[in-house]
Structures are given as structure tokens and as C-alpha cells.
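Trainee: Could we go through this one together, starting with a single residue and working outwards?
Mentor: Gladly; let us have it on the screen before anything else.

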Amino acid sequence: PAIEGAVHIPTELLRSSATNPRKSFPAADIEDLAQSLKTHGQLQPILARPIAGAKAGEPLFEIVAGERRWRAARQAGLVSVMAIVRELTDFDVLEIQIIENLKRSDLSVLEEAEGYRQLLRKPDGLHGYASADELAARIGKSRSYVFQRLKLLDLAAPGRDALADGRLSFSIALLIARLPAADQGKATERILTGWGGEPMSFRDASQYIQRDFMLSLDKAAFR
């Protein structure tokens, strides 16, 4: 069935967006959506924008929102998808992608945090929000909510990996992110090992970090 305002675009003329904060597309989810498209058709259009300077034989449109539907359509063997096409700036695209993905519960906290960072204005940039406070107001989140997620971007690789695969909780990862990068690997390993092989609770992790790292930093400050 036709969708008002949408046009049919061949799937091969679309490409994914490098700024999409969602990097993970589980195969099972795409397969489920592909089966739904076969059974019920496409009920919601994707959003796309023209690619400036695209040449013949190359994709002509960039997907702004709806990459999962596009991937599922290709898997379902559909030759085209319905899309709303708009002229959008790079910052417009990024903001739409962040807000669209915030509506979904399966966006990882690190993907969310990276998206927030991209929405902040660079020191030499003209686009973006001047502060995390402005960003929080725009997306309808509290100041602390946004600041905590941005802080997670200070996590070193061991902490990021453990958070991503569920071995670290958000609250404990945030404790580790507040440490100097040089201390984070040791803290992560010790917290995951815990007592007798069991990972530390938030309370134990907090006490361990305060005792073994924060007190040392406080003493060093007075040398």
C-alpha cells in the first residue's frame, strides 16, 4: 500500500549513514523484520536525503532513519522501499538519528553517549549545542542523565568491553570512568574478579575505588 508523501526507491540506490549511532544490527532482529515485511508489507517509510555529487551507478540517497527496515527489505528480497526524501544538513541528520534511536530501548548506553558527543559543538565548529545543558533541554533529559553518559566516554577499553557485554553495570562503569585512564584497567579487572571470583557489588566497588585510588590521589595532591 502507498504511504502518503513517500516514494519508491530501489534498495541499491540507498546507503547507510556513517553518523548513525546504532552500530549493531542483530541478525535475528533483521530476520524477524524481513518476515514481517513479507507478510504485512512496509507500514512505515524510511527517511532519506539526496547524496550531493552522487555519480551514476552509485547510491543516490543516504538513509537518515530506518536502516533496519532497509536491511530487512533487502533480506526479504524487496527491490524497493518507500521513503520520505528531504534536504537535510549534516547536523539535522545527526540530531534526527539520535532522537529517533532514543525512542528504542535496545540502543546501547555507549552508542547513546557517542551520539550525544557528536551533537555538541566543536571548538571550531558552527553547528551543534554549545553545552550539555542545552543538549539535555533539547532531548528532554535531565542534566545529570546527559553528563553521566558523556562521562562514560572516558572509559578505557577494558571497561567499555565489560560494559558492552554486561559484565559491568552502568553505575559501576561510571565509577571507573571517573578514574585516571592509567588506573582503569587495574580497577576493572579487580572489580570483575571481586571476592572469591564473584564480581563486586556497587557498594563494594565504590569502597574499593575510594580506598585504593581516591585516597592515594588525595595524598598525592598535597605532596
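Mentor: Let us begin with Thr188, which lies in helix α9, and keep in mind throughout that this is a predicted model.

Trainee: Okay, so is Thr188 buried or exposed?

Mentor: Thr188 counts as buried, because its relative accessibility is 3%, and the cut-off for that class is under 20%.

Trainee: Which residues is Thr188 in contact with, once you leave aside its neighbours within four places in sequence?

Mentor: With those neighbours set aside, Thr188 is in contact with Pro158, Gly159, Leu168 and Ile176.

Trainee: And Ile191, what does that one touch?

Mentor: Not counting residues up to four places away in sequence, Ile191 touches Leu168, Ile172, Ile176, Pro199, Met200, Ala205, Tyr208 and Ile209. Ile191 is also listed, with Leu152, Leu155, Leu168, Ile176, Tyr208 and Ile209, among the residues that touch the most other members of the largest nonpolar core, which has 21 residues.

Trainee: Which helices supply at least two residues of this core?

Mentor: Helices α7, α8 (170–177), α9 (181–193) and α10 each supply at least two, and the largest share, 6 residues, comes from α8.

Trainee: How many residues of α8 are buried, then?

Mentor: In α8, 6 of its 8 residues are buried, so the helix is mostly covered; the buried ones are Ile172, Ala173, Leu174, Leu175, Ile176 and Ala177.

Trainee: Back to Ile209 for a second: where is its place, and why does it count as buried?

Mentor: Ile209 has its place in helix α10, residues 202–221, and it is buried because its relative accessible area is 4%, where the class requires under 20%. Apart from neighbours within four places in sequence, Ile209 is in contact with Leu175, Ile176, Leu179, Ile191 and Met214. As for distances across the model, Ile209 and Leu60 are 52 Å apart in space, C-alpha to C-alpha, with their positions 149 residues apart in sequence.

Trainee: Switching topic, what about α4, which residues there are buried?

Mentor: Helix α4 covers residues 109–119, and its buried residues are Leu110, Glu111, Glu112, Ala113, Gly115, Tyr116 and Leu119. These buried residues pack against α3 (90–102), α5 (132–139), α6 (143–152) and α7 (157–164).

Trainee: And Pro26, where is that found?

Mentor: Pro26 is found in the loop between β2 (14–15) and α1 (27–40), and it is partly exposed, with a relative accessible area of 38%. Between Pro26 and Arg68 the C-alpha to C-alpha distance is 9.7 Å, although the two are 42 residues apart in sequence.

Trainee: Zooming out, how many helices and strands are there in the protein?

Mentor: The protein has 10 helices and 5 strands. Its radius of gyration is 22 Å, well over the 17 Å that the globule rule gives for 223 residues, so the protein is more spread out than a compact globule. In keeping with that topic, the C-alpha trace spans about 70 × 45 × 30 Å along its principal axes.

Trainee: What share of the residues count as buried?

Mentor: Of the 223 residues, 38% count as buried, while the accessible surface comes to about 12700 Å², with 53% of it belonging to carbon and sulfur atoms.

Trainee: Last one: how far apart are the mean positions of the positive and negative charges?

Mentor: For the 30 positive and 29 negative charges, the mean positions are 3 Å apart.

Terms used: Residues numbered from 1 in each chain as written. Predicted model: local features only at pLDDT ≥ 70, side-chain atom pairs only at ≥ 80, totals over all residues. Heavy atoms only, no water. Buried < 20%, exposed > 50% of the residue type's maximum accessible area, 1.4 Å probe, protein only. Helix = DSSP H or I, 4+ residues; strand = E, 2+ residues; numbered from the N terminus. Contact = heavy atoms within 4.5 Å. Rg over C-alpha atoms; globule rule 2.2 N^0.38 Å. Areas by Shrake-Rupley, 256 points an atom, 1.4 Å probe, with all protein chains shown as cover. Lys, Arg positive; Asp, Glu negative; His and termini not counted. Charge placed at Lys NZ, Arg CZ, Asp CG, Glu CD. Core = buried A, V, L, I, M, F, W, Y, C linked by side-chain atoms within 4.5 Å.
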